[in-house]
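Please open the structure in your viewer and keep the sequence beside it, since this tour moves from one selection to the next and says what is to be found at each stop.

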Number of protein chains: 2
Amino acid sequence: MLTRKQSEHIDYGIARERHPPLPHLHRIDTGENNPAFMASRPRKAPASRRSRPVAMPPARGCSKETAVDKAYLEDLAPGQVFTSDARTVVDADAIKRFGGEFDPQPWHLSETVARSTFFKELVASGWHTTALTMQLIIQTLPLSGGIIGSGVDELRWPRPVRPGDTLRLHCEIIDVQESKLRPAHGTVRVRMTTLNQNDQPVQTMIANLLAFRRPEQAA
Amino acid sequence: MLTRKQSEHIDYGIARERHPPLPHLHRIDTGENNPAFMASRPRKAPASRRSRPVAMPPARGCSKETAVDKAYLEDLAPGQVFTSDARTVVDADAIKRFGGEFDPQPWHLSETVARSTFFKELVASGWHTTALTMQLIIQTLPLSGGIIGSGVDELRWPRPVRPGDTLRLHCEIIDVQESKLRPAHGTVRVRMTTLNQNDQPVQTMIANLLAFRRPEQAA
């Protein structure tokens with residue numbers, strides 16, 4: 001397991017170089033084929049970074065396509081990387097709506113009032129960032145049986161999400177464990193980094209997820 | 001710092017006995033004075049548990065009232081306990097609305113479809129539970145400057161939140177650290193347990209929060 005300091009210094013550019021581009025197996029409609037939709041929103045990220053391949057080392061016991069479409073416990077191994085093709089754009093109204101319902105503090109509610117606070121500007125609640133990350137996890141991690149988490153370690157918000165930010169997700173499998181008590185499944189630990197349009201981490205965490213064994217091999 | 005196992009075995013009943021009841025310094029309107037409102041919702045918790053005192057050991061350098069109304073770094077010490085007077089009732093519509101927006105998986109969207117899934121019933125997203133807990137934290141922890149978190153450790157969901165559940169919060173300060181770089185504030189680590197109406201933990205975490213030093217003592 002990497003230390004927190006190491007995780008903060010991952011060079012995502014280098015990580016991309018290591019994994020040769022594969023065909024897009026998890027393409028999500030980001031609206032990029034809709035000129036009117038795209039014209040209505042600023043895009044700071046360069047065009048070459050608009051889409052990201054799913055990079056996955058060879059999986060055991062199944063074809064590459066099966067592994068990526070529906071990954072069972074046996075298909076997962078440390079070092080596998082999944083990055084979101086999808087992106088999530090955050091706007092001020094969404095920040096205020098989430099803040100008003102769940103985290104009603106001035107820096108999540110009003111640009112004007114936020115100026116005289118610690119943050120000096122409107123920022124998203126950290127729990128809004130986790131919820132937006134969950135949207136991206138579902139679109140990014142192809143676990144059979146869906147995304148079922150038992151917990152999270154080392155959740156950090158190194159910088160806040162601001163109105164206009166565009167978020168994407170980088171996931172790396174760091175551990176896979178079979179369950180001794182329940183032969184039908186195991187646990188996969190995934191380091192997840194949510195990045196803004198400037199490739200700066202806005203959230204890092206290690207998620208513990210349930211992974212199901214391929215049914216015919218379950219006891 | 002307690003281990004995770006120890007934290008799971010805290011006896012909240014005993015903790016209540018240890019701290020003699022204090023006047024309610026953080027009374028939140030739970031609607032209990034509105035008979036029509038109260039009649040419209042089931043309350044499974046016994047009447048004796050409807051309200052919970054804020055139990056706080058003597059604070060240094062300030063009156064008890066100041067400490068509870070607006071706690072600065074100097075007022076906080078390991079062992080201090082804060083419990084929510086407020087309660088949050090979760091209903092199926094809210095679970096589906098949050099799930100539809102942030103965690104669109106069958107067990108968060110439909111009672112019928114959920115029956116054939118791992119959970120076998122409609123349950124709230126874990127990130128919905130964190131967001132609901134944030135509501136309770138704001139009502140419970142009287143930190144001057146508000147609730148500003150840099151991160152969370154050991155976030156766990158030992159059981160899901162279900163429609164009809166009523167949530168409350170138990171917080172215990174486990175560490176207080178001054179900042180060497182920034183004399184105006186420090187960090188407080190708080191073990192937070194979100195409990196349902198049967199006193200079962202639905203979420204546990206250790207939150208790292210910013211605590212400001214009392215202004216006249218800041219450098």
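Before the first selection, one term is needed: helices and strands here are runs assigned by DSSP, with at least four residues for a helix and at least two for a strand, and they are numbered from the N terminus. Keep in mind also that this is a predicted model.

Begin by selecting A:Ile147, which sits in the loop between helix 7 and strand 3 of chain A. Is this residue buried or exposed? Its relative accessible area is 8%, and because the limit for calling a residue buried is under 20%, A:Ile147 counts as buried. Now show what surrounds it: leaving aside residues up to four places away in sequence, A:Ile147 touches A:Met134, A:Ile137, A:Ile138, A:Leu141 and A:Leu209, and from the other chain B:Gln105 and B:Trp107. Add A:Leu210 to the selection, and you will find that its C-alpha is 7.2 Å from that of A:Ile147, although the two are 63 residues apart in sequence.

Next, colour the two chains separately and look at where they meet, with 36 residues of chain A in contact with 36 residues of chain B. Select A:Phe102, A:Phe118 and A:Trp127, which together supply 23% of the area that chain A buries against chain B, more than any other three residues. Between them the two chains bury about 2,900 Å², of which 63% is on carbon and sulfur atoms.

Turn now to the polar side of this meeting, where there are 16 residue pairs in polar contact between chain A and chain B, both residues being at pLDDT 80 or more. On the side of chain A that touches chain B, 19 residues are nonpolar, 11 are polar and six are charged. The salt bridges between the chains number four, and one that you can select joins the side chains of A:Arg156 and B:Asp153, at 2.9 Å from N to O.

Keep A:Arg156 selected and look at the backbone, where its bridge partner in strand 3 of chain B is B:Gly151. Widen the view to strand 3 of each chain, and you will see that the two run antiparallel and are joined by four bridges.

Finish in chain B with two loop residues. B:Lys120, in the loop between helix 6 and helix 7, has a positive phi of about 70 degrees although it is not a glycine, and at 59% relative accessibility B:Lys120 is exposed. B:Asp199, in the loop between strand 5 and strand 6, has a positive phi near 60 degrees, and with a relative accessible area of 21% B:Asp199 is partly exposed.

Terms used
Residues numbered from 1 in each chain as written. Chains lettered and ligands numbered in written order. Heavy atoms only, no water. Contact = heavy atoms within 4.5 Å. Buried area = accessible area lost by both parts, 1.4 Å probe. Polar contact = N/O pair within 3.5 Å; in protein donor to acceptor, adjacent residues only side chain to side chain. Nonpolar A, V, L, I, M, F, W, Y, C, P; charged D, E, K, R; others polar. Pairing = 2+ DSSP bridges. Buried < 20%, exposed > 50% of the residue type's maximum accessible area, 1.4 Å probe, protein only.
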